[in-house]
Structure formats: structure tokens, C-alpha cells
Number of protein chains: 2
Amino acid sequence: MQENLMPLHEIWRSGNLRDMDEEFVVDTWHYVLAKHSKAMCALERELGDRHGLGPSEFEVLDRMVHHDRKLRIQELCDEVHLSQSALSRVVARLEKAALVSRVVCDADRRGVFVCITEAGRARHAEALPTQRAVLTEIFDDAPAALTR
Amino acid sequence: MQENLMPLHEIWRSGNLRDMDEEFVVDTWHYVLAKHSKAMCALERELGDRHGLGPSEFEVLDRMVHHDRKLRIQELCDEVHLSQSALSRVVARLEKAALVSRVVCDADRRGVFVCITEAGRARHAEALPTQRAVLTEIFDDAPAALTR
DNA sequence: GAACAATACATGCAGGTGCATCTTATGCAA
DNA sequence: TTGCATAAGATGCACCTGCATGTATTGTTC
């Protein structure tokens, strides 16, 4: 699909940028659509086949590792681009796989803390190079033209 | 979500672009994720509420108008980021709404031509300003810094 | 022409997502 | 304390998507 996609920096250079014209906006949108589609498909395949993780599952683990502490569901909502209900289910799946655990928050018993387990850290460490490889493959055209 | 998202051109300027380092790639990915999520949600809401179209439906109509001729399902597949099966169903929905019609291809009776109807053109013309407005709203931070 | 692989599209099915709603807990006011 | 609005998170439901497969047609090889 869209093999002749113009790199975004070229889109941004080609037009009259002072005008913020429609063509520029639409080209940028098509760039985002194409890269998103390509990356999501590849991540789904690679993370799934090699590590048994979906992109959403990986992203949640990644956020947990990044913050390195227990997080409220709502805090995760701010960082992962999922609805609260979708996130709730992702956490449920991760918990069933023993990659995170849910702990009731004592200060506010409505709330739930999500804690990454050792198995979760291990799975994330294992999957991280795969994710980086996929992204590098897909976005390697992005900065090149800025330095060429 | 991610209100403090760094514009992509800043991401591309900030790092050592010669190195294509991981941080750059990941920041670019997060940019794509954030913009895609924001735009898709907004398009789903605005196109849906105001014109009774989903993003995929609009995109197919848009491609039809752009090419201004009947297209094979497979041709559309190359342009819209959907699987063949998903596209088949989008076309079915559009046909049920009388916005396109399916015509068996005489030269190759396995194939199907998709033709946009007058109602389809009208609906697209009506929805186009909405789509452009949404995209402009979301991508207006993108080029500005290049000219400031 | 017969047999068989390949192609174009449709469809059954499983899975993920968002919206609306439910449940439980908190906070605040009377 | 009681009553009610609000917040956190879970869940029913409808919808969309991709994968695998089915159906019809075409091309190819013998």
C-alpha cells in the first residue's frame, strides 16, 4: 500500500508552509495513516508471534517499566491511547498472563494500582528489541533527508 | 492524552539526526500514535454525527471522487489502509446506503467495479469541509515551527 | 477439453475497541 | 446520619477489523 509515500519532511518542505493550506494538512494526515497502519500491522505480527503480546499490551508494559512504579488505571489512560474500558481489559489480559497484578488502593478503595511483575519485566525486556527493530525499519526514511 | 506532545519537526531537530538513534524513532512513533488517535476519534465523531459516515466510508468515497471513475475493489485496497475483507464490507455498507453501486466486471467476471452514485458525490461534498476542518485543527502545530 | 493452480471477492468467526451503563466508593450538604 | 452528586473502574453490547476459508471465474498445462 502506498509504496510511493512521500516522506513527511519533504511534504513539509514542498508547499508554501506559511499558508497552512489544505493540501499540506491532508498530505500529513496520509503520512500518519500510512505509517500507523504499517507499524501496527508489523507490531501485531512480530510482537504477537515472537512474544505473545499485542501492541496495547506491550505499550502498557512499556509505560510501567518507564515509570518504574505502580500506576493507577487512570494514569495509564493518559499515556496509552485507549478508552478507559479498553485499558481495563488490557490490564485484565496482562493480569491473566501474570505480567502485572492489580492491587486495590487503600487511600481510595475505588482505585486500582497496576504493578508490573518480574515476569512482566522479563517479557518487556525480551520484546523491546523487537519493537525497536520494527519501528526503526519503518521510520528510517523519516530523518534521513534532513541530513543528506 | 499527551497534551504536551512535542511537534514532530522539533523531535527531528532536537536529536543527533545523523545517528538515527532509537529515541528519535520512538518519539516519531509516539507522535504518529497520538495524532492518529486524536484524528480518528474526532473524525469518527464529526463525520458520524454530522454526515452518517465512518472514517473508512469517507475515505473510500474520497478516493472515488479523486479518481473520478469506477474502481476495482483491489485498486481501492492499494489506497485505503484496510484488508481486502474489511474493504469488501465497507463497500457493502456504502452500497446499502446507496452511495456507491457494485457492477460486475464484464472483462473478468470475478471482479467488481465500484461506482460512486450522485448521492455519494453529494454526501462526500457535504462531508469534505468537516474532514478538512478536523484535520486542520489537529495538524496546525505541525508546520508552524518551520516558518517561525 | 480436463485437471488443477491462481485470482477476485464474499463470508464465518474470533478478537479488540468505544459507548453506555452498572457497581462500588468517596465527598459534600442538609 | 441520610441523601445525592461524582469518580474509578468493570462489564454488556454493538460494531469494525483481520484471518482463514469459501465460491466463482480465469489461466495454464497436458
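**Exercise 1. A residue and its partners**

Task: Leaving aside the neighbours within four places in sequence, find the residues with which Phe58(A) is in contact, and work out whether Phe58(A) is buried or exposed.

Solution:
- Step 1. The contacts of Phe58(A) beyond four places in sequence are Leu47(A), Leu53(A), Ala127(A) and Gln131(A). Two residues are in contact when their C-beta atoms, placed from the backbone, lie within 7 Å.
- Step 2. A word on the model before going on: it is predicted, local features need pLDDT of at least 70, side-chain atom pairs count only at pLDDT 80 or more, and totals for chains, interfaces and linings use all residues. Residues are numbered from 1 along each chain as its sequence is written, while chains are lettered from A and ligands numbered from 1 in the order in which they are written.
- Step 3. Place Phe58(A) in helix α3 (residues 55-67) of chain A. Helices (H or I, at least four residues) and strands (E, at least two) are DSSP runs, numbered from the N terminus.
- Step 4. Phe58(A) is buried because it has 21 C-beta neighbours inside 10 Å. The cut-offs are 20 or more other C-beta atoms within 10 Å for buried, 12 or fewer for exposed, and partly exposed in between, with C-beta atoms placed from the backbone.
- Step 5. Val90(A) lies 32 residues from Phe58(A) along the chain, and their C-alpha atoms are 9.8 Å apart.

**Exercise 2. The chain and its core**

Task: Describe the order of elements in chain A, then name the residues with the most contacts inside the largest nonpolar core.

Solution:
- Step 1. Chain A holds seven helices and three strands. Read from the N terminus, their order is α-α-α-β-α-α-β-β-α-α.
- Step 2. Chain A has 148 residues, and 32% of them count as buried.
- Step 3. Take the contacts in chain A with a separation of 6 or more: 53% of them join residues 24 or more positions apart.
- Step 4. Val60(A) and Val60(B) have the most contacts inside the largest nonpolar core, which has 60 residues. Such a core is a set of buried Ala, Val, Leu, Ile, Met, Phe, Trp, Tyr and Cys residues joined through C-beta atoms within 7 Å.
- Step 5. Beyond four places in sequence, Val60(A) is in contact with Leu76(A), Val80(A), Val90(A), Val91(A) and Leu94(A).

**Exercise 3. A helix with a bend**

Task: Compare the reach of helix α6 (residues 118-139) of chain A with its expected span, and find where α6(A) bends.

Solution:
- Step 1. The 22 residues of α6(A) reach 31 Å from first C-alpha to last, close to the expected 32 Å. That expected span is 1.5 Å times one less than the number of residues.
- Step 2. The bend in α6(A), about 35°, is at Ala127(A), and Pro129(A) follows within four residues. A bend is the angle between axes fitted to the seven residues ending at a residue and the seven starting there.
- Step 3. Among the buried residues of α6(A) are Arg123(A), His124(A), Ala127(A) and Gln131(A). Ala127(A) and Gln131(A) are also contacts of Phe58(A).
- Step 4. Now turn to chain B: α6(B) has a kink of about 35° at Ala127(B), shortly before the proline Pro129(B).

**Exercise 4. The surfaces near the DNA**

Task: Which residues come nearest to DNA strand C, and which element gives the most residues to the surface near DNA strand D?

Solution:
- Step 1. Strand C has 23 residues around it, with Ser83(A), Ser85(A), Ala86(A), Ser85(B) and Ser88(B) nearest. A residue is near a molecule or strand if its C-beta atom, placed from the backbone, lies within 6 Å of it.
- Step 2. On the strand C surface, α5(B) has the largest share, five residues.
- Step 3. By class, the strand C surface has six nonpolar, nine polar and eight charged residues. Ala, Val, Leu, Ile, Met, Phe, Trp, Tyr, Cys and Pro count as nonpolar, Asp, Glu, Lys and Arg as charged, and the others, Gly among them, as polar.
- Step 4. DNA strand D is surrounded by 23 residues, the closest being Ser85(A), Ser88(A), Ser83(B), Ser85(B) and Ala86(B).
- Step 5. The most residues on the strand D surface, five, come from α5(A).

**Exercise 5. A positive phi**

Task: Locate Ala98(A) and decide whether Ala98(A) is buried or exposed.

Solution:
- Step 1. Ala98(A) sits in the loop between α5 and β2 (100-104) of chain A.
- Step 2. Although not a glycine, Ala98(A) has a positive phi of about 65°.
- Step 3. Ala98(A) is exposed, because 12 other C-beta atoms lie within 10 Å.
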